[in-house]
Amino acid sequence: MPVSFTVRPAVASDGAFLADMAVEAANWRAGDPRPRHEIIASPVYSRFIGGWMRPGDAGYVAVDAQETPIGAAWYRMFPRTDPGFAYVGTGVPELIIGVRPIWRAHGVGRALLQQLADHARAEGFARLSLSVERGNFAATLYRSEGFAVTQAGFGRDTMVKRLR
């Protein structure tokens, strides 16, 4: 039986769900989840959540057949003076993506990445960046969607997709 989901633009009221998806992004390893409060408080993740939806923010939410949110991908711009792990330059949005575990490997992440990249391209951006921990199976998805490692960090890599 085929899985059914749709993708819609993220809106200001999606902030709490984006926090849930940041927790999913952080807890990609099976077996030893980090507590939600630690992830939400961490500057690595809180920078993607606080004050959603500010000017320049963009994202997409995947919903199942009952309109229940199941995944999200979104980006933000960070200044050179306060960069994220995936900072590669001024004017390059940094993205984050999370999908509920039961929906992983069903095309949700790919659909979200494609929508977000299409949106960023339409907004005039030349590149998108993300940071992925080494060993995260999602890196295979990112590579298949045109992201390439541009910087190796301590336990994580920065990947960039050229949009034009």
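**Salt bridges up close**

Arg 134 has a relative accessible area of 40%, so this residue is partly exposed (buried is under 20% relative accessible area, exposed over 50%, partly exposed in between, with a 1.4 Å probe and protein chains only). This is a predicted model, where local features need pLDDT of at least 70, side-chain atom pairs count only at pLDDT 80 or more, and totals for chains, interfaces and linings use all residues. Residues are numbered from 1 along each chain as its sequence is written, and side-chain values use heavy atoms, leaving out hydrogens and water.

**View 1. Arg 134 pairs up with Asp 157.** Their side chains meet in a salt bridge at 2.8 Å, N to O (a side-chain nitrogen of Lys or Arg within 4 Å of a carboxyl oxygen of Asp or Glu). Asp 157 is buried, at 13%.

**View 2. Arg 34 meets Glu 133.** This salt bridge spans 3.4 Å, N to O. Arg 34 sits in the loop between helix 1 (15-26) and helix 2 (36-41), and Glu 133 in strand 5 (residues 127-133), so the pair ties together parts 99 residues apart in sequence (helices, H or I of at least four residues, and strands, E of at least two, are DSSP runs numbered from the N terminus). Arg 34 is partly exposed at 33% relative accessibility, while Glu 133 is buried at 14%.

**View 3. Arg 76 bridges to Asp 57.** Their closest N and O atoms are 2.9 Å apart. Arg 76 counts as buried at 0% relative accessibility, and Asp 57 counts as buried at 9%. Add Arg 54, and these residues are linked in a network of salt bridges.
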